[in-house]
Amino acid sequence: MGRILKLDPNPANRCFGCGAANPAGMKLPFELDLDDRRTRGRFALGANYAGGGGFAHGGIIAVVLDEALGKLSKLTGERAVTAEMSVEYKKPVAIDQEIVVEGWQEEEQGRNRFRTAEIRDLQGKLLARGKGRFEVVGETHFADATTQKQVS
């Protein structure tokens, strides 16, 4: 492992996955490995995120993977949003045991960033894999979307 930058939940961010200002949010902590160019997180999900059979809900698994993929933009300072994402659910994810999630970028084409993230148990068994295409957007992307929403 190389130089690590901790990404604790931001108290001003309302993001469901990583923001600390969302009372219903997951508040997921991540770190960036600046040398390996990867995101990593290690945490237990908890009972609030259970689906059928007492395992993690599939939508929650997608959120965790999306967060790991999205945080990769911090390595370059780009603002990129999820354009497409697919999830392979390999094994049930326990809600009461720690998991490890790791993400990395595979390829870059124009404004598109192709990324992969995996969730594993502490023994290293693959539980889920997400692949995403993230699109780099301009600084005004979110401001423009808010303006359009108010005009509608």
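A residue counts as partly exposed when its relative accessible area falls between the buried range, under 20%, and the exposed range, over 50%. With that scale in mind, the tour below moves through a predicted model.

Begin with the aromatic side chains, where two aromatic pairs are present. Select phenylalanine 16 and tyrosine 49: their rings meet edge-to-face, 6.5 Å centre to centre, with 80° between the planes. This pair links distant parts of the chain, 33 residues apart. Phenylalanine 16 lies in the loop between strand 1 (4-7) and strand 2 (30-33), and tyrosine 49 in the loop between strand 3 (38-43) and helix 1 (58-70). Colour the two by accessibility: phenylalanine 16, at 34%, is partly exposed, whereas tyrosine 49, at 12%, is buried.

Next, select phenylalanine 30 and phenylalanine 43, an edge-to-face pair at 5.9 Å centre to centre and 75° between the planes. Phenylalanine 30 belongs to strand 2 and phenylalanine 43 to strand 3, so the pair ties together parts 13 residues apart in sequence. Both residues are buried.

Keep phenylalanine 43 selected and turn to the largest nonpolar core, which has 28 residues. Phe43, Leu45, Ile61, Val64, Val101 and Ile119 have the most contacts inside this core. Helix 1 supplies its largest share, six residues. Strand 2, strand 5 (99-109), strand 6 (112-121) and strand 7 (126-136) are among the elements that each supply at least two.

Within the core, centre the view on isoleucine 119. Its contacts beyond four places in sequence include Ile61, Val64, Val101 and Leu127.

Finally, select arginine 115, which lies over the face of phenylalanine 134 at 5.0 Å from the ring centre.

Methods
Residues numbered from 1 in each chain as written. Predicted model: local features only at pLDDT ≥ 70, side-chain atom pairs only at ≥ 80, totals over all residues. Heavy atoms only, no water. Phe/Tyr/Trp six-rings, centres within 6.5 Å; stacked < 30°, edge-to-face > 60°. Helix = DSSP H or I, 4+ residues; strand = E, 2+ residues; numbered from the N terminus. Buried < 20%, exposed > 50% of the residue type's maximum accessible area, 1.4 Å probe, protein only. Lys NZ or Arg CZ within 6 Å of the ring centre and 35° of its normal. Core = buried A, V, L, I, M, F, W, Y, C linked by side-chain atoms within 4.5 Å. Contact = heavy atoms within 4.5 Å.
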